[in-house]
Amino acid sequence: MSETWKRRIYSLVIGSLLVVAVSGCKASHRQPVVGEKISDEVMGLPEPTLSVKATLPAEPVTMPETTAAESPEAMYEPSVTEEPAKIPTPTPSVVTLCLTGDLMCLGGQQNAAAKKGGGYDFSGSFALIKDYLQGCDFAIGNLETVISPGFPYTAQMKYVEEDCPNCNAPPEYLEAVRDAGFDVVFTCNNHSLDAGGCR
């Protein structure tokens with residue numbers, strides 16, 4: 001046991017053994033005579049007597065053993081802060097990119113897609129790869145033609161002039177490209193100025 005706690009225990013024992021004895025605290029209840037000097041003797045109050053008696057125990061007081069958690073020192077020890085829970089590392093996601101080459105739409109393809117009542121149906125052009133493209137997260141293609149309804153299509157005019165081809169497809173071709181599963185197409189190629197632009 002630490003010296004601090006021993007001193008505390010001795011103080012408690014001494015304090016409990018202090019006896020204050022005041023004798024004759026009861027008043028006689030006698031009414032004083034007029035003109036008589038009121039004193040403790042008249043009131044029947046004897047002089048108080050203070051008696052203090054302190055006795056130390058013959059043997060030191062033995063206190064029960066305390067555990068580390070119950071000891072006074074543990075009350076003042078700073079609490080240990082637990083480490084924050086670690087955030088699990090997320091599993092990387094897998095993204096599938098599909099990039100294709102030239103998406104051509106020349107005269108033979110336009111004639112095969114032409115409908116009797118007018119218009120075009122190019123859905124058959126991508127029938128063999130549609131399932132593959134739609135299984136990709138992002139499909140990108142190179143649109144190797146322009147879409148200009150105001151200018152003759154390739155089936156009607158193969159060349160604008162000598163050595164200047166006319167790669168121009170109807171808008172229905174773009175609908176088929178989209179329905180096949182393409183997300184993006186770009187025209188940064190050598191046919192971006194066809195349909196009269198090479199003049």
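1. Strand S2 is mostly covered in this predicted model: of its six residues, five are buried. S2 spans residues 138–143.

2. S2 belongs to an open sheet of three strands, arranged in the order S1-S2-S5 with parallel pairing. The edges are taken by S1 and by strand S5 (184–186); each has a single partner strand, so one side of each is left without a neighbour in the sheet. From one strand to the next, the twist averages 20 degrees.

3. The two pairings can be taken in turn. S1 and S2 pair in the parallel sense over five bridges. Within this pairing, leucine 97 stands opposite phenylalanine 138 of S2, and leucine 99 has isoleucine 140 in S2 as its bridge partner. On the S5 side, S2 and S5 pair over three bridges, again in the parallel sense. There, glycine 141 has valine 185 in S5 as its bridge partner.

4. Leucine 97 deserves a separate entry. Leucine 97 is part of strand S1, which covers residues 97–103. Is leucine 97 buried or exposed? Its relative accessible area is 55%, and the cut-off for exposed is over 50%, so leucine 97 counts as exposed.

5. Leucine 97 also contributes to a nonpolar surface patch of about 480 Å², together with Val95, Leu99, Phe138 and Val184. Two of the names in this patch, Leu97 and Phe138, are the residues that stand opposite each other in the pairing of S1 with S2. Val184 of the patch falls within the range of S5, residues 184–186.

6. Threonine 154 lies outside the strands, in the loop between S2 and strand S3 (159–161). Threonine 154 is nevertheless buried, with a relative accessible area of 8%, and the limit for buried is under 20%. Leaving aside residues up to four places away in sequence, threonine 154 touches Cys105, Leu106, Gly107, Gln110, Asn166, Cys167 and Asn168. Among these, Gly107 and Gln110 fall within the range of helix H3, residues 107–113.

7. Leucine 128 is another loop residue, placed between helix H3 (107–113) and helix H4 (130–134). Leucine 128 is exposed, at a relative accessible area of 87%. How far apart in space are leucine 128 and alanine 180, C-alpha to C-alpha? The distance is 9.8 Å, with their positions 52 residues apart in sequence.

8. On the chain as a whole: there are five helices and five strands. Read from the N terminus on, the elements run α-α-β-α-α-β-β-β-α-β. Of the contacts with a separation of 6 or more, 69% are between residues 24 or more positions apart.

9. On burial and surface: the chain has 199 residues, and buried residues make up 22% of them. The chain exposes about 15200 Å², of which carbon and sulfur atoms supply 57%. Within this chain, S2 stands as a strand with five of its six residues buried.

How values were computed:
Residues are numbered from 1 along each chain as its sequence is written. This is a predicted model: local features need pLDDT of at least 70, side-chain atom pairs count only at pLDDT 80 or more; totals for chains, interfaces and linings use all residues. Side-chain values use heavy atoms; hydrogens and water are left out. Patches are made of residues with over 30% relative accessible area and no salt bridge: like charges are joined within 9 Å, nonpolar side chains (Val, Leu, Ile, Met, Phe, Trp, Tyr) within 5 Å. Accessible areas come from the Shrake-Rupley method with a 1.4 Å probe; for residues, only the protein chains shown count as cover. A salt bridge is a side-chain nitrogen of Lys or Arg within 4 Å of a carboxyl oxygen of Asp or Glu. Helices (H or I, at least four residues) and strands (E, at least two) are DSSP runs, numbered from the N terminus. Buried means under 20% relative accessible area, exposed over 50%, partly exposed in between (1.4 Å probe, protein chains only). Two strands pair if DSSP finds at least two bridges between them. Axes are lines fitted to C-alpha atoms, for helices over the stretch in contact, and angles run from 0 to 180 degrees between N-to-C directions. Contact means heavy atoms within 4.5 Å.
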